[in-house]
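Welcome to a short briefing on how helices pack in this model. Have the sequence and the 3D view open as you read.

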Amino acid sequence: MSTTRFSRVLWPRQGATIPLMLDLAGTHSHRHGLRSAKAVSMHRFVFSSRPHSLFVSTAATAAQVSDHVYNNSNTNRVDNNTIRKRQKGGRRRHGARDETGTTAPSISNANTSELKRRLSTLRVSTATDDDVQSIWQLYLNEYESTTLPPALQTMLYRLVGTKGSNGMMETLFKQSPPQSVEAMEWVILVHVKANRPRYAHRLLKDMYAAGQIPTSNTFRHLIKYNAKGFSKPNRRRMAEKLLNDMLNLGVTPGTSIWMELLMGQAVHGLPLTYLDPFLAAVADSKRGAHRINKVIQLLAGHGHPALLTVVERTQESIDVDTWNMAIKYSVFAGNMITAESLFNTMPHRNPTSFHTLLRGYLEHRAIDPAIRIFRSMIEQGISIEPDVYDAFIMAYTDTSNHHHNTSSASSSPPPSSTTQEEEDNIELRIETLRRLWRSMRDRDHVPDDVLSRMFEFYLRHDALADAEQLYWDLREHHDRRRFGRKTEGWVSNMIMAFAGKRQLLSAISLTYDWIGLGYAPNSKAIIKLIKACDKRNDLAAAKQLLNIMEEVSERPVSHSCYVALEKAYKKKKKS
């Protein structure tokens with residue numbers, strides 16, 4: 001029976017601690033000493049996501065590990081090269097011979113040369129999935145008999161870390177421990193991507209213990225991971241510790257590291273303590289302006305209170321597109337004060353700057369500032385985009401703070417000064433809508449939401465004449481501008497409004513024209529019209545309307561309309 005236990009072997013050359021899982025079966029070790037040494041060196045490196053995973057220092061090689069475990073004296077030392085030589089000699093002595101008696105070439109040698117050739121000519125950026133699979137298969141076939149130089153091993157680690165899977169990296173780490181800092185960097189990166197930061201930090205500590213200095217890119221991956229979770233205090237402490245480790249090891253933090261730290265603070269609304277070192281780092285950077293613009297956009301997108309401070313310090317490096325994006329994000333966040341402050345701080349404005357701020361004011365129903373920006377655009381000769389007129393109409397027809405209920409006017413007390421002010425405001429809005437509509441009525445397309453909002457506003461405030469004029473203007477361009485579903489409903493409501501006021505001429509003319517265009521009023525509008533004809537003693541007009549609708553309209557007339565007409569006739573006979 002073999003027993004298994006954990007043993008920690010010190011590597012005196014580098015002072016690293018190398019954890020190993022060893023099979024100490026006495027009989028098996030004595031009988032197959034060399035093979036067991038190789039099995040330990042090749043298969044006993046554990047790379048797992050479990051908390052009990054054991055990691056090998058990047059400075060340790062499999063041959064050195066087996067040397068410390070099995071042979072403490074230099075005279076009895078058996079390394080991997082000796083093992084491979086003996087295996088190759090055995091294959092030569094017992095190699096297969098063909099019919100002529102010559103030994104066939106070793107398949108492993110051919111594949112080994114092919115693996116090295118593929119790695120030496122590989123471009124990871126353009127490698128396909130087929131390339132990854134074929135190279136990985138070559139490696140699995142020959143990892144026992146092939147020792148890759150550090151440069152080629154690093155290339156393999158890079159390929160697996162970039163386009164391979166986590167399982168590939170685990171297998172590679174077990175069978176071929178990294179020989180270079182760059183190779184270990186890809187192992188750490190895979191851990192970070194797999195959301196296993198503890199194991200990544202554990203590997204980093206192994207590198208510290210081995211006296212190796214991680215690259216700046218390795219620190220960047222770990223700092224970036226922690227910066228994304230700056231809402232947690234332990235993540236902030238870990239990022240600060242990594243930064244201090246860099247400085248203590250003499251590794252200068254690059255602009256990307258300062259940027260990751262600053263972006264982590266910006267996203268989570270923290271004070272920008274890394275702003276000064278970031279600005280100092282990007283001062284001499286070729287892509288400094290690009291990084292500053294990205295930070296500005298991020299601050300604006302999250303509504304960070306330090307946005308204006310950063311803009312004032314970096315405005316010379318900010319391009320006009322970033323200015324406009326910062327204004328846009330401030331508008332989305334509802335911070336119009338910041339948006340206008342950015343607009344006023346801009347050294348050079350373009351039409352997009354004006355339109356972005358103007359739309360922001362209109363979306364937030366700030367009419368007076370919108371008019372001020374609108375007039376400034378006209379004075380500077382900036383052409384107004386069509387959707388700005390739509391936004392103006394949507395803002396002017398939004399009377400959420402100016403309700404005017406005419407149905408209760410008879411029972412309400414005399415209008416106060418506030419009510420009179422609201423009425424004056426409504427009249428001003430109606431006049432403004434007339435002007436806006438005159439400037440846009442010849443457009444090929446007007447959104448259905450805009451038209452339905454105008455009809456709703458006019459009908460709510462009894463501006464039936466303006467609603468009728470709007471209909472006839474739309475009717476004039478009906479050949480290239482059809483009515484939308486919402487507008488159809490409001491046309492029926494307009495017919496009901498005219499019928500309710502007993503303005504039969506307008507109601508019936510609108511109805512006949514509406515039917516002639518291929519539409520049909522809803523049953524409520526027809527019943528309202530029948531009742532209006534009854535009050536005017538003109539049921540013949542209502543009956544004629546129903547007959548024409550039956551002949552022309554594609555949709556059948558509702559039965560409720562005939563019921564309403566029949567009731568009107570019975571009521572007339574009784575009277």
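Two residues are in contact here when they have heavy atoms within 4.5 Å. Please keep in mind that this is a predicted model. Two helix pairs are covered below: helix 15 with helix 16, and helix 7 with helix 9.

**Helix 15 and helix 16**

- Helix 15 spans residues 288–301 and helix 16 spans residues 307–314.
- On the helix 15 side, the contact is made by Ile292, Ile296, Leu299 and Ala300; their partners in helix 16 are Leu307, Val310, Val311 and Thr314.
- Sorted by class, this contact of helix 15 with helix 16 has 7 nonpolar residues, 1 polar residue and no charged ones.
- The two axes lie 10 Å apart, and the packing angle is about 160°.
- Angles over 145 degrees count as roughly antiparallel, so helix 15 and helix 16 are roughly antiparallel to each other.
- The crossing of helix 15 past helix 16 is left-handed.

**Helix 7 and helix 9**

- Helix 7 covers residues 150–163, while helix 9 covers residues 181–193.
- Their axes are 8 Å apart, at an angle of about 15°.
- Angles under 35 degrees count as roughly parallel, so helix 7 and helix 9 are roughly parallel to each other.
- Helix 7 makes a left-handed crossing with helix 9.
- From helix 7, Gln153, Thr154, Tyr157, Arg158, Gly161 and Thr162 take part in the contact; from helix 9 come Glu182, Ala183, Trp186, Val187, Val190 and Lys193.
- The contact of helix 7 with helix 9 is made up of 5 nonpolar, 4 polar and 3 charged residues.

Definitions and conventions. Residues numbered from 1 in each chain as written. Predicted model: local features only at pLDDT ≥ 70, side-chain atom pairs only at ≥ 80, totals over all residues. Heavy atoms only, no water. Axes fitted to C-alpha atoms, helices over the stretch in contact; angles between N-to-C directions. Helix = DSSP H or I, 4+ residues; strand = E, 2+ residues; numbered from the N terminus. Parallel < 35°, antiparallel > 145°, perpendicular 65-115°, else oblique. Left-handed = near helix turned anticlockwise from the far one by under 90°. Nonpolar A, V, L, I, M, F, W, Y, C, P; charged D, E, K, R; others polar.
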